[in-house]
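Got the model open in your viewer? Here's a walk through it, one selection at a time.

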Amino acid sequence: MIIRILIMIYGEWHDSKGESLNDKFSDIDYGVYTDAARYVLNKESPYSRHTYRYTPLVSYLMLVNLWIHPCSGKLLFIMVDLIICLLLKAILTLYNSSLS
């Protein structure tokens, strides 16, 4: 988890440099998620946002970017990813124990 958070911090630093670094670290879709959350906040459909093609749930989850901090959604993604890793480990442990 610490490594993931450090990568997120580096990404924020990298993205803040703008023109001095050629490429953005954050994927363009992250901005699309946040823009779609703005539509939801204004009681509009996230699909009103041009190029939004994801589940509406993502736009609702990204409301944290507008309410708390622009990195909140990244932290949410990190936490969900780690929960999925723990669940996969538990499933594989159960599967391996059933084989023996």
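Start by selecting Ile3, Ile7, Tyr10, Trp13 and Phe25: together they make a nonpolar surface patch with about 520 Å² of accessible area. A patch here takes residues with over 30% relative accessible area and no salt bridge, joining like charges within 9 Å and nonpolar side chains (Val, Leu, Ile, Met, Phe, Trp, Tyr) within 5 Å. The areas come from the Shrake-Rupley method with a 1.4 Å probe, and for residues only the protein chains shown count as cover.

Before you click on: this is a predicted model, so local features need pLDDT of at least 70 and side-chain atom pairs count only at pLDDT 80 or more, while totals for chains, interfaces and linings use all residues. Residues are numbered from 1 along each chain as its sequence is written, and side-chain values use heavy atoms, with hydrogens and water left out.

Stay on the patch and pick Trp13, which sits in helix H1 (residues 2-16). Helices (H or I, at least four residues) and strands (E, at least two) are DSSP runs, numbered from the N terminus. Trp13 is partly exposed, at 43% relative accessibility. For these labels, buried means under 20% relative accessible area, exposed means over 50%, and partly exposed is in between (1.4 Å probe, protein chains only).

**Aromatic rings**

Now show the rings; the structure holds seven aromatic pairs. Two rings of Phe, Tyr or Trp (its six-membered ring) pair if their centres lie within 6.5 Å; planes under 30 degrees apart are stacked, over 60 edge-to-face, and the rest tilted.

Go to Tyr10 and Phe25, an edge-to-face pair with 5.3 Å centre to centre and 90° between the planes. Tyr10 belongs to helix H1 and Phe25 to the loop between H1 and helix H2 (28-41), so this pair ties together parts 15 residues apart in sequence. Tyr10 is partly exposed at 39% relative accessible area, and Phe25 is partly exposed at 40%.

Next, select Tyr33 and Tyr54: the ring centres are 5.0 Å apart with planes at 80°, so this pair is edge-to-face. Tyr33 is in helix H2 and Tyr54 in the loop between H2 and helix H3 (56-61), so to speak distant parts of the chain, 21 residues apart. Are these two buried or exposed? Both Tyr33 and Tyr54 are buried.

Add Tyr30, Tyr47, Tyr52 and Phe77 to that selection, and you have one aromatic cluster, with Tyr33 and Tyr54 in it. Then turn on Lys74: its charged end sits over the ring of Tyr30, 4.9 Å from the ring centre. That label needs NZ of Lys or CZ of Arg within 6 Å of the ring centre and within 35 degrees of the ring normal.

**Salt bridges**

Keep Lys74 on screen and add Glu12. Their side chains meet in a salt bridge, 2.5 Å from N to O. The rule is a side-chain nitrogen of Lys or Arg within 4 Å of a carboxyl oxygen of Asp or Glu, and by that rule the count is four. Side chains of opposite charge can pair when their charged atoms come close. Glu12 is partly exposed at 28% relative accessibility, whereas Lys74 is buried at 14%.

Which residue does Arg4 bridge to? Select Asp81: the closest N and O atoms of Arg4 and Asp81 are 2.3 Å apart. Arg4 lies in helix H1 and Asp81 in helix H5 (residues 72-99), so this bridge ties together parts 77 residues apart in sequence.

Then pick Asp35 and Arg49, a salt bridge with closest N and O atoms 3.0 Å apart. Asp35 is in helix H2, and Arg49 is in the loop between H2 and H3, 14 residues away. Add Arg38 to see the network of salt bridges that links Asp35, Arg38 and Arg49.

**Cysteines and two backbone spots**

How many disulfides does a search of the whole structure find? Zero, with a disulfide being a pair of cysteine sulfur atoms within 2.5 Å. Click on Cys71 and you'll find a buried residue at 9% relative accessible area; Cys85 is partly exposed at 41%.

Last stop: the loop between H2 and H3, where Lys43 sits. Most residues other than glycine have a negative phi. Lys43, not a glycine, has a positive phi of about 60°, and Lys43 is exposed at 77% relative accessible area. Thr51 lies in the loop between H2 and H3 too, with a positive phi of about 75°.
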